[in-house]
Amino acid sequence: MDRAVLPIQNLFADMPKSVEFGKLRKRLLRQVETALNTYHMHQVEGRWLVALSGGKDSYGLLALLLELQSRGVLKQDILACNLDQGQPHFPKEVLPNYLDSLGIAHRIEYRDTYSIVKDKVPEGNTYCSLCSRLRRGHLYRIAREEGCSAVVLGHHRDDMLETFLLNMFFGGKMATMPPKLTNDEGDLAVLRPLALCEEQDLQKFADGMQFPIIPCDLCGSQDGLQRQMMKQMLADMERKSPGRKDRMFAALQNVKASHLLDPELFDFGGDAPA
């Protein structure tokens, strides 16, 4: 589908007119623009495939990127893409109707990964890992078919903090979702422009914009996921010590390799600083 000129005024036509929402919108736009610049996402030229799940984060990502595009800040072409994974009761008409009403270029792809995940994952185990791998594979394929140079995902700051804790407590490594990386094949960039945005801000933005949210019946059907444990842990720490998440995220941006224990990351045989 050819790119349509987005009437940006229609996208924001029904947003709240309050000063508070205006500040929220400006803050999110500033954070996305900062992420684009800080992590050199602008270097990925051409067409970007923006993954749209129907959740608050991906809706917010698309809206913010389109506004930056309308302002001339983002030069890349944008193609929204929803992967219909065959979940029961998935409202197939919601996303196409929404995107069509705003003149947003898009592609809707149907692939029944839901049945594969339900069949392969033992009862009681979490679906997220396999579901994510299958979804990512299809997004890479679609990006290539559409001539895109990047797959753009809606992971935010809280996702990155949760992933860091998951890797540390359950994976035995210090790692999180990077804002920008190249896929294993080396032909596509994976970008996360919401890297600096807080989940609570994205929720408020989605509420104000009245996005037609579609719940995930697969992941959302499972209780007690490890990620939910990390989310609750972060919430508890933030409640007891406000600002702790800010400090943790700042730490991810201020790594001292010489003060960790990985001999492949730092040459301890050389003259290590004290």
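How much space lies in the second largest cavity? About 40 Å³, going by the computed volume. Here are some notes to help you find your way around; keep in mind that this is a predicted model.

1. **Overall layout.** The protein has 10 helices and six strands. Of its 274 residues, 46% are buried. Take the contacts between residues at least 6 apart in sequence: 76% of them join residues at least 24 apart. It's worth keeping the sequence numbers in view as you turn the model around.

2. **The second largest cavity.** Back to the opening question. Searching the whole structure turns up two cavities of 30 Å³ or more. The second largest one is lined by Leu11, Tyr59, Leu62, Ala63, Leu66, Tyr98, Ile104 and Phe211. Helix H3 (residues 56–70) gives the largest share of that lining, with four residues. By class, the lining has eight nonpolar residues, no polar ones and no charged ones.

3. **The second largest pocket.** Don't mix this up with the cavity above. The second largest pocket holds about 350 Å³ of space. It is lined by 15 residues, and those closest to its centre are Phe164, Met174, Ala251, Leu252 and Val255. Two elements give two or more residues to this lining: helix H7 (157–171) and helix H10 (244–252). The largest share, three residues, comes from H10. Sorted by class, the pocket lining has 11 nonpolar, three polar and one charged residues.

4. **The sheet.** In what order do the six strands of the open sheet come? They run S3-S2-S1-S4-S6-S5, with mixed pairing. Strand S3 (106–110) and strand S5 (180–182) are at the edges; each has a single partner strand, so one side of each has no neighbour in the sheet. From one strand to the next, the twist averages 25 degrees. As a reminder, strands of a sheet pair through backbone hydrogen bonds, and they can do so parallel or antiparallel.

5. **Both kinds of pairing.** You can see an example of each here. S5 and strand S6 (residues 189–191) run antiparallel and are joined by three bridges. If you want a spot to look at, Thr182 has Ala189 in S6 as its bridge partner. S1 and S2, on the other hand, run parallel, with five bridges between them. There, Ala51 is matched with Cys81 in S2 as its bridge partner.

6. **Strand S1.** Is strand S1 (residues 47–51) largely enclosed or left open? Five of its five residues are buried, so S1 is largely enclosed by the rest of the structure. In a regular strand, side chains alternate between the two faces of the sheet. In S1, Arg47, Leu49 and Ala51 point one way, while Trp48 and Val50 point the other way, and all are buried. Arg47 is the one I'd click on, as a charged residue that is buried.

7. **From H2 into the loop.** Gln31 sits in helix H2 (residues 19–38). With a relative accessible area of 15%, Gln31 falls under the 20% cut-off, so it counts as buried. Apart from neighbours within four places in sequence, Gln31 is in contact with Pro193, Leu196 and Cys197. Further along, Tyr39 lies in the loop between H2 and S1, and at 23% relative accessibility it counts as partly exposed. Tyr39 touches Pro179, Lys180, Leu196 and Gln253, leaving out residues up to four places away in sequence. Leu196 is thus a contact of both Gln31 and Tyr39. Tyr39 and Ala195 are 156 residues apart along the chain, yet their C-alpha atoms are separated by 9.8 Å.

8. **Two backbone angles to check.** Most residues other than glycine have a negative phi. His40 has a positive phi of about 55 degrees, although it is not a glycine. His40 is in the loop between H2 and S1 and is partly exposed, with a relative accessible area of 44%. Gln210 also has a positive phi, near 55 degrees. Gln210 is in the loop between helix H8 (199–209) and helix H9 (226–240), and at 58% relative accessibility it counts as exposed.

Terms used
Residues are numbered from 1 along each chain as its sequence is written. This is a predicted model: local features need pLDDT of at least 70, side-chain atom pairs count only at pLDDT 80 or more; totals for chains, interfaces and linings use all residues. Side-chain values use heavy atoms; hydrogens and water are left out. On a 1 Å grid over the protein atoms alone, a cavity is a set of points where a 1.4 Å probe fits but cannot get out, and a pocket is an open set with protein on both sides within 12 Å along at least five of seven lines; lining residues have an atom within 4 Å of a point. Grid points are joined across faces, edges and corners, and a volume is the space filled by probe spheres set on the points. Buried means under 20% relative accessible area, exposed over 50%, partly exposed in between (1.4 Å probe, protein chains only). Contact means heavy atoms within 4.5 Å. Two strands pair if DSSP finds at least two bridges between them. Axes are lines fitted to C-alpha atoms, for helices over the stretch in contact, and angles run from 0 to 180 degrees between N-to-C directions.
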